[in-house]
Each structure stands twice: as C-alpha cells, then as structure tokens.
Amino acid sequence: MSQSFRTRPDGSGQALSEAYDTALLDLDGVVYAGGNAIAYAVESLGTARAGGMHLAYVTNNALRTPDAVAEHLSELGIPTGASDVITSAQAVARLISEQVPGGARVLVVGGDGLRVALRERGLVPVESADDDPVAVVQGYGGPDLPWSRFAEASYAIARGVPWFASNTDLTIPSVRGIAPGNGAAVEVVRIATGAEPQVAGKPLPPMHRETVLRTGAERPLVVGDRLDTDIEGAFNGEVDSLLVLTGVTDGAQLLAAPPQHRPTYVDADLRGLLTGQPEVVEAGDGFRCGGWTATAGGERLALEGEGEALDGLRALCAAAWTAAGEGSCALDGGKALARLGL
C-alpha cells in the first residue's frame, strides 16, 4: 500500500489468510473483550493457523507480560507462545534503552509488563522519584493503579527526567463498556507537568518496528478495531489492514475516516480472515458492492438495493471517502447506516 490516500475498500480474490503471511492482531476488541473471547475468534484463528498463516498478537496494553498474554490466549483455545506476543511495553523499553546507559534506573508507572520489558533491555525498574531514575515510563496499570503513582511520575519529570509512554489510547474496551485507557492517565501527568512524553505504541513507528523485528513478517496484515491506533499504525507502516467491527469503531466513524484511518478491508469479525473480500466498483455516479449502490450528494449519503449489510457499508465507504478526498467526510450517513442495521 502506498501513502496515497484510499478512496474505497479493496477487494481480494484470495482468502486474506492466504494472501498475507502474517496477521498482526490487536487483542482488546479483536480477539477478546474483558478477557472473554469474541464470537468466532477462536475458530477463525485456528483455521487461519492451520492453513499456514503466522499469527502474532500486537497490543498497546502494557499491563501484562507476553507470558501472561500467551497463557490467557491458550486458555481461550488459541495456542500461543510468548514469542507470538508483542506489546507496547517491549516497544517503549527498546526506545528507552536506545537513549540511556545500560543498567540505568527507570521509574515505572504501570504494571508487570513494563517491568519485565525493561529488564529484558538491561534496565532497572524503580518505584520512586527519589531513586535517581534517568527516565520515567508510563503504561496501563489496570483500574486500581494508585493516584500516588502519577505523583511520583510528576515529581521526577519536574526535575527534568525524560518521560516515555507505552501508548496514548484514551479508552480500552471491557465487558461492561468502554473504560479509560493509558492515554487518559498520561493526560493526568501532562496536566500536572506541562511535559510531553515520547510515545512508542500504535500508531507510531517504534511499535511497528518492534513488531517487524520480532515476527520477521514479509507480507503482514494488521487486524484491528481502532482507526486511530491499529489502522493508522498500518498506514504509517505502509502495510495493509483489516478493520473488524467487534470493538470501538462504528459505521459512522468509519465513513468519516480521514485518509490515515481508512482500512484496506472491512469485515464484521475475524471470520473475515478466512474469506476473500468483495470488490467495490464504480456504478454511474456512485459505487456498488454486492446488491447495494451508494452515492454522495447534497448533505447526505444515500443507499439503494439490498443484500449483505457489510456490502452496503463497503459501498458507503467508497462514496464517503471519495467525496471527502484528503479530508474527513461530513455528509450525513445516518439513514443509510440505519438501513443496514449499523
């Protein structure tokens, strides 16, 4: 994929699991939500793996270690080794290690995932601003992370210690809904200090570099549920992407996506890995996919026809993205999405 902007989802005559050698899968909102497997995930990933596709799990959540993530996935019925898991904790630990001496102390605001990743890079995690850290690193520490941890980070940063963040996702999906993510916690420290962290996680290059180094992927497909991390990360890395609608992104957000947030493919869930993707073609003044034709005119998007709801969504994407060009589509797609039940 080039950096020129996308105006419609791509089609694929091959199953995506055959067209790409490695799936770089986000976890929260793609494979599981709140720790429970999302519908069709276990079966779909098992079939893709049996067909020869390498599966790697790439998460911005820095709380758990790769071993813990692999154990959890295996318990869900997805056999996984720690080497198949790439976390933003690993990416930020590498970023820090390239800027500080070996054996340096790093103040940790987060969970075990950060501590293990720092030790892997020969760095020493510490807990207090008074432990003479040469860097501060902040990652998701779970819902019970004490407020005092933000204070420790703020004290050290105010003394001039450089600040790093695993990621800046404002939210994280859970079984009860959408909860605050590490980005919300980063905002607390930013407000207190006026500083800006160096960020490693998706959608930024350090995370993509970490993923490629650890997987050796040659034809990777990024699979995610978030436009501003997974899909933008694929755009920045110039690789293709599959958006699944099992997480935080809804139809309206997809239609309004600016170029860096437009996925190569769109599907309901991970079953999309096992199939080809229908082509979206020009049809008069609009775009057709399956039995649906979408047009952009006046102040709204219009949809005619019948068929699979996802085909209608793909056609609407083409109409919206083409109308928006290099911007974000502001046309009203509410009635069209309601026809599709999206």
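**Sheet, cavities and pockets of the predicted model**

In this predicted model, the lining of the largest cavity receives at least two residues from each of β10 (171-174) and α9 (227-237). Of these elements, β10 provides the largest share, with three residues. The largest cavity holds about 160 Å³ of space. Its lining comprises 18 residues, and those closest to the centre are Asp 28, Asn 60, Asn 61, Asp 169 and Ile 172. By residue class, the lining of the largest cavity consists of three nonpolar, eight polar and seven charged residues.

Two cavities of 30 Å³ or more were found when the whole structure was searched. For the second largest cavity, the volume is about 130 Å³. A set of 16 residues lines this second cavity, and Val 58, Lys 202, His 208, Thr 211 and Val 222 lie nearest its centre. Two or more lining residues are given by each of β1, α8, β13 (220-224) and α9. The most is given by α9, with four residues. In the lining of the second largest cavity, nine residues are nonpolar, four are polar and three are charged. Helix α9 thus appears among the contributors to the largest cavity and also among those to the second largest cavity.

Open spaces were examined as well. The largest pocket contains about 290 Å³ of space. Among its 16 lining residues, Asp 28, Asn 61, Arg 64, Tyr 140 and Ile 172 are nearest the centre. At least two residues of this lining come from each of α3 (66-75) and β10, and β10 gives the most, with three residues. The lining of the largest pocket divides into eight nonpolar, six polar and two charged residues. Asp 28, Asn 61 and Ile 172, named here for the largest pocket, are also listed as close to the centre of the largest cavity.

The second largest pocket encloses about 220 Å³ of space. It is lined by 16 residues, with Tyr 140, Gly 142, Pro 180, Gly 181 and Ala 185 nearest the centre. Two or more of the lining residues are supplied by each of α6 (147-158), β11 (177-180) and α7 (182-193). The largest share, four residues, belongs to α7. No charged residue occurs in the lining of the second largest pocket, where ten residues are nonpolar and six are polar. Tyr 140 is listed near the centre of the second largest pocket and near that of the largest pocket.

Several of the elements named above also take part in a β-sheet. This open sheet has six strands in the order β5-β4-β1-β13-β14-β15, paired in parallel. Its edges are formed by β5 (85-87) and β15 (265-267); each has a single partner strand, and one side of each is therefore left without a neighbour in the sheet. On average, neighbouring strands are turned by 25° against each other, direction ignored. At one edge, β15 pairs with β14 (residues 240-244) in the parallel sense over three bridges, and Leu 242 has Tyr 265 of β15 as its bridge partner.

Helices pack on the sheet. Helix α4 (residues 88-97) touches β4 (54-59) and β5, and its direction makes about 55° with that of β5. Helix α8 (residues 205-215) touches β1 (22-25), β4 and β5, with its direction at about 160° to that of β5.

Notes. Residues are numbered from 1 along each chain as its sequence is written. This is a predicted model: local features need pLDDT of at least 70, side-chain atom pairs count only at pLDDT 80 or more; totals for chains, interfaces and linings use all residues. Side-chain values use heavy atoms; hydrogens and water are left out. Two strands pair if DSSP finds at least two bridges between them. Axes are lines fitted to C-alpha atoms, for helices over the stretch in contact, and angles run from 0 to 180 degrees between N-to-C directions. Contact means heavy atoms within 4.5 Å. On a 1 Å grid over the protein atoms alone, a cavity is a set of points where a 1.4 Å probe fits but cannot get out, and a pocket is an open set with protein on both sides within 12 Å along at least five of seven lines; lining residues have an atom within 4 Å of a point. Grid points are joined across faces, edges and corners, and a volume is the space filled by probe spheres set on the points. Ala, Val, Leu, Ile, Met, Phe, Trp, Tyr, Cys and Pro count as nonpolar, Asp, Glu, Lys and Arg as charged, and the others, Gly among them, as polar.
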